[in-house]
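Let's take a friendly walk through this model together. We begin with a single residue and then widen the view.

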Amino acid sequence: MTSIQNLARNILNEPEAHEIIGRSARILDSVEEGILFEDMRSLGIKQRRLRGLCSFIQRGWSDLADEDERWLQTLEEELVAQRMRENLQLVDGMLRSELEACALRVVSQCERIRNAYQAPAVLVDDFTLMGRASQQLVRALATQELYMAASDAPGMPVADPYPFERGVKELLEASPDTQTHALHTCYRPTTSVSIINKLRTEAGRAPLTANDERKGTIETHYIGGFAEEQEAILRTIDAAHAQGTSLSRIAIVGANGVWRATIARVLRSNNITVTTTKPTRMRIRDYRDAEANKTLECKTLEQLSRDPENALAWRTWCALGDYLANSVGIDALRAPALRAGLTLPQALNALLAGKLDGLCANDPMVEGLLARYRAGLDELHARDAEATYDPTNPPAEREGVLLCNPRELQGQTFDLVIFGGFVNGFFPSRAWCENEVIGTARTREAQLYQTQLASVAASATNRLVFTGFTTCSLETAERLDLCVERIRLTRGIRMATISPSAFLSLIH
């Protein structure tokens with residue numbers, strides 16, 4: 001059992017895969033994607049237009065649009081796609097959007113890898129939530145039987161030309177003898193199934209049948225102010241833990257990022273470990289600000305200590321400082337390095353040794369880049385080897401409460417699920433409450449919220465708690481973009497009255 005992303009990474013980590021793709025399966029994180037985009041700006045295209053082109057090309061890669069040679073219509077699109085591939089090859093990395101497409105190419109071209117990963121029977125869940133490359137990959141790995149779970153209702157409309165549910169039609173057309181079965185049984189407590197059925201009724205779909213003897217409980221608590229809600233959630237967790245519920249079996253869901261950050265601080269201040277489904281995204285606000293980027297610099301040095309040939313880590317290191325000069329250096333280094341088949345650190349070493357044709361070390365375009373590279377080498381040599389991370393003795397991990405947004409909870413189950421901040425403005429958004437979203441856009445928004453609520457309800461195996469607050473300062477309400485019902489002056493402070501979520505009626 002694995003995710004499609006892990007399966008694709010395993011395929012791309014095979015020795016033959018690097019020869020076929022020409023790059024490693026190292027996925028760019030948010031900071032590295034930002035640096036890649038800044039390198040793309042050397043093309044001279046306006047920033048907004050460039051972002052749109054990059055998004056279009058990445059979507060084309062994930063949906064296998066590049067199988068058609070005519071998918072890029074203009075020279076501008078071809079130039080951006082070519083430059084993006086060249087920059088990725090220079091840093092020996094890969095974008096998340098092309099991971100499954102590259103794995104599919106490897107499976108198609110390498111018989112040994114295909115035989116190693118094929119299986120007589122493959123079960124896929126959820127087929128309609130996958131991109132076309134993912135769908136084609138799992139189809140290529142099933143030799144005898146393919147079982148897939150797919151929604152019987154149309155998915156969310158997308159602006160791009162390939163809705164994911166089209167893959168089901170393609171499969172049925174390729175295999176007309178495919179057997180289909182409608183599933184109506186839900187293995188969740190009856191209380192959770194009742195919420196799911198209300199949401200299905202709203203969407204015009206048939207109800208499900210509960211096949212679980214557990215009743216489960218649903219609670220709603222709307223408490224005074226913003227801080228009072230946080231304290232109430234803390235007391236709920238303490239009480240559940242005292243009654244024997246493991247912290248790892250408790251999940252807190254919040255639709256608003258500021259709300260999640262606030263509850264995380266409250267829990268940690270009370271010695272409760274908080275875990276998230278993915279690491280916190282780091283951003284570079286100013287490449288010249290050494291103090292602000294100290295954490296990123298330390299993280300990059302740790303990566304380079306473990307792997308001095310990590311091209312992506314070297315690109316991140318060289319981005320800090322005088323970024324504009326270093327970006328010009330990367331642009332000048334790209335063509336000679338690719339002609340020689342070298343990655344970024346290999347090209348820089350060759351440049352220092354005077355062995356890179358087409359460029360010399362005293363070229364003013366690369367002087368700043370080389371200075372930054374030398375500084376990185378000096379830092380690595382100066383680091384104490386005993387202070388580096390020891391993979392044989394990792395730090396002990398404490399069990400903790402999961403904190404996530406509604407979408408990230410999908411597919412997981414917990415004994416206690418707390419949906420906090422269940423108020424108008426957070427869930428749904430203030431724009432939705434004020435009728436600024438109209439027509440088909442409002443229908444899509446409602447479908448999205450209903451799907452997320454059903455996912456949260458399906459994740460609770462024993463107890464489902466909805467919490468909210470009824471008042472907060474007007475300043476807080478404006479900062480969090482909450483839907484304000486009334487404004488009152490209390491002890492000289494303007495206080496806003498906050499209403500429960502519009503979806504509260506679907507719970508009881």
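Thr-128 counts as buried because its relative accessibility is 13%; buried means under 20% relative accessible area, exposed over 50% and partly exposed in between, with a 1.4 Å probe and protein chains only. Thr-128 sits in the loop between β1 (119–125) and α8 (132–141). Helices (H or I, at least four residues) and strands (E, at least two) are DSSP runs, numbered from the N terminus. From Thr-128 to Arg-48 the C-alpha to C-alpha distance is 31 Å, with their positions 80 residues apart in sequence.

Please keep in mind that this is a predicted model, in which local features need pLDDT of at least 70 and side-chain atom pairs count only at pLDDT 80 or more, while totals for chains, interfaces and linings use all residues. Residues are numbered from 1 along each chain as its sequence is written, and side-chain values use heavy atoms, leaving out hydrogens and water.

**Backbone details**

The loop between β1 and α8 also holds Asp-126, and a cis peptide bond with omega of about 10° joins Asp-125 and Asp-126. A cis peptide bond also joins Phe-427 and Pro-428, here with omega of about 5°. Pro-428 belongs to the loop between β9 (414–420) and α18 (430–433).

Some residues have a positive phi, and the table lists them.

| Residue | Phi |
|---|---|
| Asp-92 | about 55° |
| Asn-271 | about 65° |
| Gly-354 | about 70° |

Asp-92 and its positive phi come without a glycine to account for them, as the residue is not a glycine; Asp-92 is in the loop between α5 (75–90) and α6 (99–109). Asn-271 is not a glycine either, and its place is the loop between α12 (257–269) and β7 (274–275). Asn-271 is exposed, because its relative accessible area is 58%. Gly-354 comes just after α16.

**A pair of helices**

How do α16 and α17 pack, and at what angle do they cross? Two packed helices are described by the angle between their axes and the distance between the axes. Helix α16 (residues 344–352) and helix α17 (residues 367–382) have axes that come within 11 Å and cross at roughly 105°. The axes are lines fitted to C-alpha atoms, for helices over the stretch in contact, and angles run from 0 to 180 degrees between N-to-C directions. The crossing therefore makes α16 roughly perpendicular to α17; angles of 65 to 115 degrees count as roughly perpendicular, under 35 as roughly parallel, over 145 as roughly antiparallel and the rest as oblique.

On the α16 side, Pro-345, Leu-348, Asn-349, Leu-351 and Leu-352 make the contact, and on the α17 side Leu-369, Leu-370, Tyr-373 and Arg-374 do. Contact means heavy atoms within 4.5 Å. By class, seven of these residues are nonpolar, one is polar and one is charged. Ala, Val, Leu, Ile, Met, Phe, Trp, Tyr, Cys and Pro count as nonpolar, Asp, Glu, Lys and Arg as charged, and the others, Gly among them, as polar.

Within α16, the buried residues are Leu-344, Pro-345, Ala-347, Leu-348, Ala-350 and Leu-351.

**The whole chain**

The protein chain has 20 helices and 13 strands, and 44% of its 508 residues are buried. Its C-alpha atoms fill a box of roughly 75 × 70 × 50 Å along the principal axes. Of the contacts with a separation of 6 or more, 72% are between residues 24 or more positions apart.
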